[in-house]
Amino acid sequence: MTTPRSGGSEVAGVRVAFDAMGGDHGPSEIVPGVLDYARWNPADELILVGDTATLKGIAGELPSNVRIVHAGSVIGMDEHPALALREKRDASILVATDLVKSGEADAVVTAGHTGAGMAAAILRLGRLAGVERPGLAVQLITDSGPLVLIDIGANPDSTPEHLAQYARMGAIFAERVLGVDDPRVALLSIGEEKGKGDARIQRATELLDRSTLRFVGNVEGRDLENHKADVVVTDAVAGNVVMKFFEGLSSFIFDLWRAEFRGSLRGRLAYLLMRPGIARIRSVFDYETQGGSPLLGVKGTVIITHGSARRRMIRFACEVAAKTARARVPELIAEALAEDNARLSGIGMAAEEEVTT
């Protein structure tokens with residue numbers, strides 16, 4: 001659980017707008033999760049966006065650092081995002097994102113339709129200068145800490161240039177939000193030999209070799225849990241498959257254990273002996289503590305959490321949003337990309353001068 005800040009903390013409070021109507025469970029789980037975070041973090045302001053009557057009915061008396069902003073409609077999980085955004089101008093995700101655009105909030109969080117959340121961010125907030133395609137990042141659990149996997153859903157048709165940008169953005173998130181000093185960056189591919197893969201991987205390798213990042217080459221899928229890199233870059237299709245495989249595998253393993261322990265008296269006795277160790281292992285695989293996935297490359301902090309998120313994960317999603325906004329991640333990405341462009345322009349001009357002389 002998030003620990004309360006001391007009264008003399010120098011950390012500035014941030015304002016987090018939460019699309020309280022989205023997700024599989026809607027406001028019945030989102031509102032209690034947001035209130036939990038608000039009570040433990042009185043310096044931060046939480047904004048619940050949705051139908052006022054519904055939210056008030058669930059929340060009851062609001063803490064002083066929580067307020068409600070009305071939204072008249074919600075985009076369903078089965079709706080086409082672009083069409084729904086055009087037709088539902090007062091949708092909760094649009095209203096929440098507009099609070100960031102207007103400066104009334106520092107971050108927006110949604111457990112609703114992922115496509116709608118990303119589309120709202122791009123349409124309302126816009127891309128950072130130099131960013132062609134934003135990337136959706138996630139933290140994967142390893143026994144030595146989390147690693148950042150990007151992209152997991154924003155761009156299924158990534159170019160080598162997109163992959164290089166994801167590497168830069170993911171490294172900033174790892175350093176400033178996760179506290180990883182000089183993060184190691186790798187490409188996810190079919191072999192660990194540097195440059196091994198399709199033409200896109202080979203070109204991305206060239207770009208990353210010329211960057212100032214700590215690029216360590218390729219990693220394979222089996223290397224992820226060994227934490228051979230702190231930031232692993234891939235396209236949205238492969239990234240999404242990897243993320244959901246990890247989620248499914250961890251659930252499968254714990255279901256097997258549960259069935260084994262419940263199947264006999266011997267199993268139940270074994271569980272009593274193994275319970276402390278199982279609890280430690282379960283905490284390692286507890287993806288709820290990661291909160292949500294930041295959409296990197298847009299002009300604002302946007303966190304997309306799991307559609308099935310319940311109260312506890314909602315609380316952690318608020319924490320990720322506040323931490324990302326407080327670290328000024330979008331501004332840092334913009335500054336880093338501007339520096340990269342200036343450096344590459346300088347290299348190009350120097351090469352032209354060599355040719356002419």
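**Exercise 1. Two helices that meet**

Task: Work out at what angle helix α6 and helix α7 pack, and how far apart their axes lie.

Solution: This is a predicted model, so we're reading a computed picture. Start by finding α6 at residues 160–176 and α7 at residues 199–209. Their axes are 8 Å apart and make an angle of about 45 degrees. Now put a word to that angle. Roughly parallel needs an angle under 35 degrees, and roughly perpendicular means 65 to 115. The two helices are therefore oblique to each other. As for handedness, α6 passes α7 in a right-handed crossing.

Next, see who does the touching. On the α6 side you'll find P160, E161, L163, A164 and A167. On the α7 side, R200, I201, R203, A204, L207 and L208 make the contact. Sort these by class and you get eight nonpolar, three charged and no polar residues.

**Exercise 2. Walking across the sheet**

Task: Find the order of the strands in the open sheet, and say which strands stand at the edges.

Solution: Go strand by strand. The sheet has 11 strands, in the order β3-β2-β1-β4-β11-β10-β5-β6-β9-β7-β8, with mixed pairing. The edge places belong to β3 (66–70) and β8 (214–219), each with a single partner strand, so one side of each has no neighbour in the sheet. From one strand to the next, the twist averages 25 degrees.

Now zoom in on two pairs. Strand β1 (residues 15–19) runs parallel to β2, and five bridges join them. One spot to look at is F18, whose bridge partner in β2 is L48. Further along, β4 (residues 107–110) and β11 (residues 301–304) also pair in the parallel sense, over four bridges. There, A107 has T301 of β11 as its bridge partner.

What about β2 itself, residues 45–50? Five of its six residues are buried, so the strand is largely enclosed by the rest of the structure.

Last step: look for a helix lying over the strands. Helix α8 (residues 236–262) lies across β5 (135–140), β6 (147–150) and β7 (184–188). With β5, α8 makes an angle of about 30 degrees.

**Exercise 3. Unusual backbone spots**

Task: Locate the cis peptide bond that involves D151, and the positive phi values of D182 and H227.

Solution: Begin with the usual case: most peptide bonds are trans, and most residues other than glycine have a negative phi. Here, the bond joining I150 and D151 is cis, with omega about 15 degrees. D151 sits in the loop between β6 and α6.

Then take the phi values. D182 has a phi near 50 degrees, and its place is the loop between α6 and β7. For H227, phi is about 55 degrees; this residue lies in the loop between β8 and β9 (231–233).

Are these two buried or exposed? D182 has a relative accessibility of 43%, so it counts as partly exposed. H227, at 10%, is buried.

**Exercise 4. One phenylalanine**

Task: Describe the surroundings of F173.

Solution: First, place F173: it belongs to helix α6. Second, check the accessibility. The value is 1%, and buried means under 20%, so F173 counts as buried. Third, list the contacts, leaving aside neighbours within four places in sequence: Q139, V148, L178, P294, L296 and T324. Finally, compare sequence with space: F173 and D143 are 30 residues apart in sequence, and their C-alpha atoms are 20 Å apart.

Key
Residues are numbered from 1 along each chain as its sequence is written. This is a predicted model: local features need pLDDT of at least 70, side-chain atom pairs count only at pLDDT 80 or more; totals for chains, interfaces and linings use all residues. Side-chain values use heavy atoms; hydrogens and water are left out. Axes are lines fitted to C-alpha atoms, for helices over the stretch in contact, and angles run from 0 to 180 degrees between N-to-C directions. Angles under 35 degrees count as roughly parallel, over 145 as roughly antiparallel, 65 to 115 as roughly perpendicular and the rest as oblique. A crossing is left-handed if the near helix is turned anticlockwise from the far one by less than a right angle, and right-handed if clockwise. Contact means heavy atoms within 4.5 Å. Ala, Val, Leu, Ile, Met, Phe, Trp, Tyr, Cys and Pro count as nonpolar, Asp, Glu, Lys and Arg as charged, and the others, Gly among them, as polar. Buried means under 20% relative accessible area, exposed over 50%, partly exposed in between (1.4 Å probe, protein chains only). Two strands pair if DSSP finds at least two bridges between them.
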